[in-house]
Amino acid sequence: MYSGALNRKSSFLVPGIVFGMSLILMSQPDSWIQRGDFGGIERYGAAGFSIDGKGYIGTGYTGGLRKNDFWEFDPASNTWAQKADFGGSSRFWTVSFCIGSKGYIGTGFDGTFTKDFWEYDPVSNTWVQKADFGGTARIRASGFSIGNKGYLGTGNDGSTIHENFRRDFWEYDPSSNSWVQKADFGGTARHWASGFTIGDKGYLGTGSNNISGGTEDFWQYDPNSNTWVQKANFAGTISFAAVGFSIGSKGYIGTGAAGVNSNYVRHLWEYDPSLNSWLQRAEFPGTARLWAVGFSIGSKGYIGTGHVGNPSKDFWEYSPCTSNLIFYRDNDNDGYGDLNNTIIACNPPLGYVIDNSDCNDANDEIHPGAQEVCNLIDDNCDGQIDEGVQTVFYQDADGDGYGNLLTTLLACTVPVGYVENSMDCNDTIPSIFPGATEICNGLDDNCDGSVDEGVQNTFYLDSDGDGYGSKADSTLACAAPVGYVGNSSDCNDTNNGIHPGATEICNDLDDNCDGSVDGSVTDVSQPDNQVVCNNEVTLPVGFNGSMAGTQFDWTNNNTAIGLAAIGTGNISSFIATNTTNEPITATVTVIPSPNGNVFAYVANSGSNTVSVINTATDSVTATIPVGSFPFGVSVSPDGSKVYVSNNNSNTVSVINTAGNTLIASIPVGIQPQVLKVTPDGTRVYVGNYSSSTVSVINTTTNAVIATIGLTSCPGIGMSISPDNSKVYVSNYCGDLVSVISTASNTVIATIPVAVVPGASSISPDGSYLYVSCLGSDSVYVINTATNQVVNLIPIYINPLYGSAMSPDGSKIYITNYSSSGGRVINTTNNTSTAFSSEFGGVPIGVSLTPDGAKAYIINHNTNNVTVISTATNAPIATIGVGSSPFTVGNFIQDKTELVCAGTPKTHTYTANPTPIINAVASQMVCNNASTSTIVFSSPTVEVQLHMIGQIITPRLVWLLVVLVI
């Protein structure tokens, strides 16, 4: 490292740092006091030594100038006096020491590396140049004196500072003014090392070798044998640019820079050569620094000047320890030390105390005299744990949070199975505890000393045994008495077929106690009466009902007219018969009744029509014109309306199923495709593919009441929760499902799924949504409570357009549009199996009949519908429809509403008989003779007789009479 200085007691020094001035005449062992500031300007990298009770500091660097002024310190008066300027050039980073009564300074940096060497005589206050240093010119070297010789070595001698470290070592003999090279320094080449002299030995170590930022090895030099011996490593943080000096038989190294980050330090360490060991001493009190000056005068050490971030000039005096004591580590700073962690020092170092009675030096709350607390620890170090501070806890066998007064345990914290209170009156039943809800069970549930207070239940007489009671007859009890039940919702307690939840039937009674009698009534138009003659043909009679699917059963009270006694459906023309002589009248009574037929509505995109299929006969019964390219179909919950999206017309067609007539066309967004009627039938949600919107239609007004923007193209999939609260829309282009709140008609969440999400189904309870994804050939299972995908079901080949759930929610039927087949998902274990591969080309939509017995598959390329038996998963029918059917959604009616038979209507057929005349006798008379009166008669009533001609012969006149009706 830098310059060193020796007093006449051979004490070595390396530059250090000092602070402001304060005059203190007395100091304690192992302590520092501030002395008068250095007399010159602030600096670092200066040189210094002591001679005959005086200290000397000179040269150095101010941060802008190299200096050559030189100053003497008198410890007795605590004053500085300027002396003759250093004889060489202004410089810093030199080496200094004293031999006898003379001081020496050499090497250093004056703008170049130097090797000149100078002697100072304090008596004459003069400088004399001596023989140049024997080695190369250098800076940051180290040195000391032993006896009447001086020694200088290590340092840096090149312009490439970090590559020119040296370890050569040289001896100067003032008597011959000559240098002799000695054994190289024992450690690695370095600069900024620190050292001192004790007796006839020199010591050198620390410094920087540019490998780890600093070194810690320490070496002893014996001039008699010219050998180096390694000693105990420096015990402080690896350091460089520190100061060194010796006092008596001990050496000291302090301040400098330490560690990889070269942080400035304030430590001071004492080396005892007799023990070859280091002891940390009182920390330097000035600002941490490096490149300071240090030396000793008599029994005191001194450190001053140096670099503290900028040059400094403060100066400090150290009084060494005169008597070592044992101190004990106080890690937790509670004033009590650890018996097993000691240090020998003159005064207690920071973090050490004279007491050794701490029993836990990691916790400042644990020490002798501390308050004992209940924590399983000996807090006051008296050898006992938790004495007198444990708490009584009570067993809580039933885990209800309340304890048993009779079973206790002493502990600090609540043991498992115990609580702090003893309030339980029954520790075997968890539902019994103070504050529990009293229930009617013959027990004191809330531990208040009373049983079943105020909690008996009201039960109602169930006379008809249907499980529903009558409000008119009740009793209080804990459990239901025989013949009583807990509800009072029966509206007729004399008929066990009438109760809430019963099936409503057409009987003019409120069977299910919902306040209404029966359901809707189907009716029939009044037919006209007809009058014909015998053998004439009647007109056909077509019965027109008020509801689609109405069945017409009729009876005839007079079959003699030529009409059967009973029949179903319309009455065709027939030949009336009447072989009597009187008119015959037949009265026909027709009764309209629901026949339960369910119809499928198939949208034909190529012919712009909807085919109506009777699912009872699997035959097309009607064809309805709609808009251009009909795409999606949704039937209202009551089966009375069918809504059809027209992709190319940007409209929704509304069909009345009673007459299969088009009753409205509603403009919506661009390219409407998927659509769905809400479970309550009040709204229709329509996905508009190209405008990326959803139109909301009010089914009462057939008007759009809201338009909802989506991320991208809602194409095929839409499901609505059973409670009407949410709409789930597959974004065909956006790889996600949008969740719409029906309350606000806004998107409230988006759920990422795979590429190209399509058709979807929702479980009957609304807890799971199943979305077909073309991009992954899978169905994604979404938990609707968390809007998270919870499962993935492989479908294998292109699931996209068709998805239909069975009425009980146990199965989902999926069409694979490019494989002419489909899959059935078991929702219990989320697995799938094939259910048929015998569809037509490109299967699109799929719907199930309300009983789940049949599945209808739309075949786009073959213009037909395949009917599958869900019991066997085999085709049972193929139904031809219109061109290019493209139908997604719920296209089959779900007739769950009760429909009752309507009022019978009657009409008559009257057949009149064929008119005839009774025979009359022929007469022969002579000329001018009178004939007999002829009386015409007929068995047929209301017959008129007309004579229409005569034949006259020469002798006789014959009359021809014709009977005319």
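The side chains of N745 and Y685 are joined by a polar contact of 2.8 Å. Keep in mind that this is a predicted model, so to speak a computed picture throughout.

Staying with N745, where does N745 lie in the chain? The residue sits in the loop that links β55, residues 736–741, to β56, residues 746–752. Is N745 buried or exposed? With a relative accessible area of 16%, N745 counts as buried, because the cut-off for buried is under 20%. Leaving aside residues up to four places away in sequence, N745 touches R683, Y685, V696, A706, I708 and I740. Y685, then, appears both in that contact list and as the polar partner.

Next, the pairing around β41. Strand β41 covers residues 584–594 and pairs with β39, residues 550–556, in the antiparallel sense, over 7 bridges. Within that pairing, D553 has I591 of β41 as its bridge partner. Strand β41 is also joined to β70, residues 905–912, by 7 bridges, and these two run antiparallel. There, T585 stands opposite T910 in β70.

Last item, a sheet earlier in the numbering. What is the strand order of this open sheet? Its 4 strands go β6-β7-β8-β9, and the pairing is antiparallel. The edge strands, each paired on one side only, are β6 at 95–99 and β9 at 126–130. On average, neighbouring strands here are turned by 25° against each other, direction ignored. Between β6 and β7, residues 102–109, there are 5 bridges, and the two strands run antiparallel. In that pair, S96 stands opposite I105 of β7.

Note on methods:
Residues are numbered from 1 along each chain as its sequence is written. This is a predicted model: local features need pLDDT of at least 70, side-chain atom pairs count only at pLDDT 80 or more; totals for chains, interfaces and linings use all residues. Side-chain values use heavy atoms; hydrogens and water are left out. Two strands pair if DSSP finds at least two bridges between them. Axes are lines fitted to C-alpha atoms, for helices over the stretch in contact, and angles run from 0 to 180 degrees between N-to-C directions. Buried means under 20% relative accessible area, exposed over 50%, partly exposed in between (1.4 Å probe, protein chains only). A polar contact is a pair of N or O atoms within 3.5 Å; within protein, one must be able to donate a hydrogen and the other to accept it, and residues adjacent in sequence count only if both atoms are side-chain atoms. Contact means heavy atoms within 4.5 Å.
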